[in-house]
Amino acid sequence: MSRYWSDIVHRLTPYVPGEQPALAHPVKLNTNENPYPPSPRVLAAIREELGPAGESLRRYPDPTAQKLRETVAAYHAIRADQVFAGNGSDEVLALTFQALLKHDKPLLFPDITYSFYPTYARLFDVEYQTIPLDDAFAINVDDYAVANSGILFPNPNAPTGRPLPLADIERLLQKNPDSAVVIDEAYVDFGAQSAVTLIDRYPNLLVVQTVSKSRSLAGMRVGFAFGNVELIDALNRVKDSFNSYPLDRLAQVAACAAYEDDEWFRDTCAKVIASRERLAAGLTELGFDVVPSAANLLFARHNGHDAATLLSRLREREIIVRHFNAPRIDQHLRISVGTDAECDVLLDALRAILNA
Ligand code: PMP
């Protein structure tokens with residue numbers, strides 16, 4: 001606390017990202033990173049962009065990330081003017097709060113969801129109302145029949161991994177033509193249906209995606225929004241009032257190269273999905289209840305063992321998973337899907353802890 005702080009700083013509740021532990025060889029299953037490296041083409045593109053002497057770094061990057069937006073637009077069979085690119089989908093979401101979600105009625109999002117949403121709402125002074133997930137942690141779109149100026153949730157949801165069928169999202173869009181509906185698809189490539197295919201039909205739909213998970217580029221900070229040109233224009237107006245160059249040169253070429261190697265992307269996603277199913281079976285065998293997941297994470301609880309205790313027992317073995325000390329989910333662990341070898345280390349450790 002300091003008398004130099006702006007008033008708003010006193011009122012913030014900053015988001016706490018998963019730990020990046022300073023351990024030599026942690027089994028790191030706490031931030032939903034991809035256990036596999038990005039396509040080799042990403043590395044080649046970064047080297048080429050740098051050149052032998054890093055000459056290109058003298059110059060500012062393209063403020064609109066035109067080539068990247070064209071590449072991603074072609075990938076989704078949409079137009080580049082329906083694509084916004086930002087510094088990770090967190091930044092895209094932050095700009096969305098300012099550009100589209102602040103009106104006279106509350107923004108709606110689930111009670112159990114990505115914990116950055118309430119943080120942004122407080123930072124940008126956006127009124128919000130949470131809508132409870134059902135007891136199986138499913139989103140029921142009929143529960144969103146509440147006066148609102150915007151609706152936001154991830155599909156699959158976080159931290160549960162539970163997907164929502166596209167037909168439900170379409171029903172929500174039809175019932176809320178006067179609100180922006182924002183679907184955060186950070187994990188969509190691991191098994192849910194993308195709503196990108198709906199943007200031409202619903203001018204109120206904004207779909208947010210990232211290269212952090214399915215394209216193994218969390219360290220590059222690249223995210224997108226897809227939607228009607230008017231929504232994209234709103235994001236550009238806020239972006240150009242805040243930071244003209246959110247994506248550096250290396251991030252732009254790296255993300256482009258990742259989209260150009262579809263085979264690598266598909267192989268990587270298939271491996272993660274197979275490991276997820278294997279891990280889910282292993283956890284179930286150990287007595288965990290596992291929420292059905294279409295993401296690269298599992299949300300699980302053990303009825304006989306306290307989650308926070310399991311978390312610290314695992315940490316002693318340098319296995320890092322995530323726990324949220326929040327209502328309804330404080331007995332769950334969120335486990336990122338690693339390689340099969342990493343998942344085996346986790347399962348062996350849990351077996352030993354549960355039997356101790
Ligand atoms: N949305 C959800 C639901 C997430 O879990 C995350 C990752 N923490 C993000 C958005 C942000 O991802 P990034 O900024 O790396 O694109």
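**Exercise 1. The loop between β5 and α6**

Pro-156 has its place in the loop between β5 and α6. The model is a predicted one. Task: state which residue is joined to Pro-156 by a cis peptide bond, and which peptide bond leading to Pro-159 is cis.

Solution.
- Step 1. Asn-155 and Pro-156 are joined by a cis peptide bond, and its omega is about -5 degrees.
- Step 2. Pro-159 also lies in the loop between β5 and α6. The bond that runs to Pro-159 from Ala-158 is cis, with omega near 0 degrees.
- Step 3. Thus the loop between β5 and α6 holds Pro-156 and Pro-159.

**Exercise 2. Asn-157**

Task: decide whether Asn-157 is buried or exposed, and name the residue whose side chain it contacts.

Solution.
- Step 1. Locate the residue: Asn-157 is in the loop that connects β5 (150-154) with α6 (166-175).
- Step 2. Apply the cut-off: a residue is buried when its relative accessible area is under 20%. Asn-157 has a relative accessibility of 1%, so it counts as buried.
- Step 3. Look for a side-chain partner: the side chains of Asn-157 and Thr-113 are joined by a polar contact of 3.0 Å.

**Exercise 3. Positive phi at Ala-65 and Asp-125**

Task: for Ala-65, give the value of phi and decide whether the residue is buried or exposed. Do so for Asp-125 as well, for phi and for accessibility.

Solution.
- Step 1. Ala-65 is not a glycine, yet its phi is positive, at about 50 degrees. The residue is part of the loop between α2 (40-50) and α3 (66-76).
- Step 2. Ala-65 counts as buried because its relative accessibility is 2%.
- Step 3. Asp-125, likewise not a glycine, has a positive phi of about 60 degrees. Its place is the loop between α5 (116-123) and β4 (128-131).
- Step 4. The cut-off for exposed is over 50%. Asp-125 has 53% relative accessibility and therefore counts as exposed.

**Exercise 4. Lys-239**

Task: find the helix that contains Lys-239, and state which residue its side chain contacts.

Solution.
- Step 1. Lys-239 belongs to helix α7, which covers residues 229-239.
- Step 2. With 4% relative accessibility, Lys-239 counts as buried.
- Step 3. A polar contact of 2.9 Å links the side chain of Lys-239 to that of Asp-240.

**Exercise 5. The ligand site**

Task: describe where the ligand sits, which residues are closest to it, and how much of its accessible area the protein covers.

Solution.
- Step 1. The ligand is placed in the largest pocket.
- Step 2. Around the ligand there are 13 residues, and the closest are Ser-89, Asp-184, Tyr-187, Thr-210 and Ser-212.
- Step 3. Sort the shell by residue type: five are nonpolar, four are polar and four are charged. Helix α4 (residues 88-100) gives the most to this shell, namely three residues.
- Step 4. List the polar approaches. A nitrogen atom of the ligand lies 3.2 Å from a polar side-chain atom of Tyr-114. An N or O atom in the side chain of Thr-210 is 2.6 Å from an oxygen atom of the ligand. For Ser-212, a side-chain N or O atom is likewise 2.6 Å from an oxygen atom of the ligand.
- Step 5. On its own the ligand has 400 Å² of accessible area, of which the protein covers 92%.

How values were computed: Residues numbered from 1 in each chain as written. Predicted model: local features only at pLDDT ≥ 70, side-chain atom pairs only at ≥ 80, totals over all residues. Heavy atoms only, no water. Near = heavy atom within 4 Å. Polar contact = N/O pair within 3.5 Å; in protein donor to acceptor, adjacent residues only side chain to side chain. Areas by Shrake-Rupley, 256 points an atom, 1.4 Å probe, with all protein chains shown as cover. 1 Å grid on protein atoms, 1.4 Å probe; cavity = no way out; pocket = protein on both sides within 12 Å on 5 of 7 lines; lining within 4 Å. Sits in = over half its atoms within 2 Å of the grid points. Helix = DSSP H or I, 4+ residues; strand = E, 2+ residues; numbered from the N terminus. Nonpolar A, V, L, I, M, F, W, Y, C, P; charged D, E, K, R; others polar. Buried < 20%, exposed > 50% of the residue type's maximum accessible area, 1.4 Å probe, protein only.
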